[in-house]
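Dear colleague,

I am passing on the structure we spoke about, with the sequence alongside. Please open both before reading further, since the notes below are meant to be followed residue by residue.

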Amino acid sequence: EEVEEELLLTRKKDECESDTELGTTNSSDKKTDIIMNNKSGKNKMRSVFLQSLSLTFIAEWGDRSQIATIALAAAKDPLGVTLGGCFGHSMCTGIAVLGGRMLASRISEKTVHFGGGIVFILFGIHSFFFE
């Protein structure tokens with residue numbers, strides 16, 4: 001069934017592309033259009049999921065919180081540490097996502113980059129003089 005559905009989607013997509021090239025449209029099969037949109041939505045969600053998973057994994061690997069979690073797990077119940085760490089990280093990430101969305105709706109990306117650059121320079125100057 002899945003193979004047949006994929007073939008149907010491929011044919012429909014090819015027809016839509018050829019109709020677009022010719023300047024004609026044929027949207028008689030609404031079900032196929034809906035399935036194609038759902039497929040692309042699933043692919044986008046999968047792509048975003050994999051990007052955020054890899055970014056978070058790489059960014060968090062070997063940082064101070066991971067070292068502290070290792071030390072805590074050595075002294076306390078590992079299951080409790082695992083559950084608490086997952087819940088705490090989920091809360092922190094959720095707040096960051098919601099805050100980022102609200103910030104993006106109010107401030108341009110260029111302003112955020114500029115502000116981040118200024119803060120980065122200030123940290124550099126501080127570490128140069130006060131280290």
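What follows is an account of what was found, going from the overall fold to individual residues.

Please keep in mind throughout that this is a predicted model. The protein contains five helices and zero strands, so that reading from the N terminus the order of elements is simply α-α-α-α-α. Of the 131 residues in the protein, 4% are buried, and the accessible surface amounts to about 11700 Å², with carbon and sulfur atoms contributing 67% of that area.

The C-terminal helix is where several of the findings come together. Helix 5 covers residues 109-130 and includes F130, while the UniProt record, in an unreviewed entry, lists residues 111-130 as "transmembrane region". In the model, the stretch 111-130 is 100% helix and 0% strand, and the C-alpha atoms at its two ends lie 28 Å apart. A nonpolar surface patch of about 1100 Å² is formed by F114, I118, F120, I121, L122, I125, F128, F129 and F130. Three of these patch members can be described individually: F128 has a relative accessible area of 67%, F129 has 59% and F130 has 63%. Each of the three counts as exposed because its value is over the 50% cut-off.

The aromatic side chains gave a short list, with a count of two aromatic pairs. One of them joins F57 and W61, whose ring centres are 5.3 Å apart and whose planes make an angle of 35°, which is a tilted arrangement. The other joins F128 and F129 in an edge-to-face arrangement, at 5.2 Å centre to centre and with 80° between the planes. Both residues of the first pair, F57 and W61, are exposed, and F128 and F129 are likewise exposed, as noted above.

As you may wish to think about the cysteines, how many disulfides does a search of the whole structure find? The search returns zero. As for the surroundings of two of the cysteines, C86 has a relative accessible area of 46% and is therefore partly exposed, since that value falls between the 20% and 50% limits, whereas C92, at 52%, passes the upper limit and so counts as exposed.

Finally, there is one residue in helix 3 to mention. L72 sits in this helix, which spans residues 64-75, and at 43% relative accessibility L72 counts as partly exposed, because the value lies between 20% and 50%. From L72 to T82 the separation is 10 residues in sequence, and in space their C-alpha atoms are 9.9 Å apart.

To go back over the main points, the protein is built from five helices with zero strands, its buried residues make up 4% of the 131, and the nonpolar patch that includes F128, F129 and F130 comes to about 1100 Å².

With best wishes

Terms used:
Residues are numbered from 1 along each chain as its sequence is written. This is a predicted model: local features need pLDDT of at least 70, side-chain atom pairs count only at pLDDT 80 or more; totals for chains, interfaces and linings use all residues. Side-chain values use heavy atoms; hydrogens and water are left out. Helices (H or I, at least four residues) and strands (E, at least two) are DSSP runs, numbered from the N terminus. Buried means under 20% relative accessible area, exposed over 50%, partly exposed in between (1.4 Å probe, protein chains only). Accessible areas come from the Shrake-Rupley method with a 1.4 Å probe; for residues, only the protein chains shown count as cover. Patches are made of residues with over 30% relative accessible area and no salt bridge: like charges are joined within 9 Å, nonpolar side chains (Val, Leu, Ile, Met, Phe, Trp, Tyr) within 5 Å. A salt bridge is a side-chain nitrogen of Lys or Arg within 4 Å of a carboxyl oxygen of Asp or Glu. UniProt positions are given in the numbering used here, feature names are shortened, and annotations may be inferred rather than shown by experiment. A disulfide is a pair of cysteine sulfur atoms within 2.5 Å. Rings of Phe, Tyr and Trp (its six-membered ring) pair if their centres lie within 6.5 Å; planes under 30 degrees apart count as stacked, over 60 as edge-to-face and the rest as tilted.
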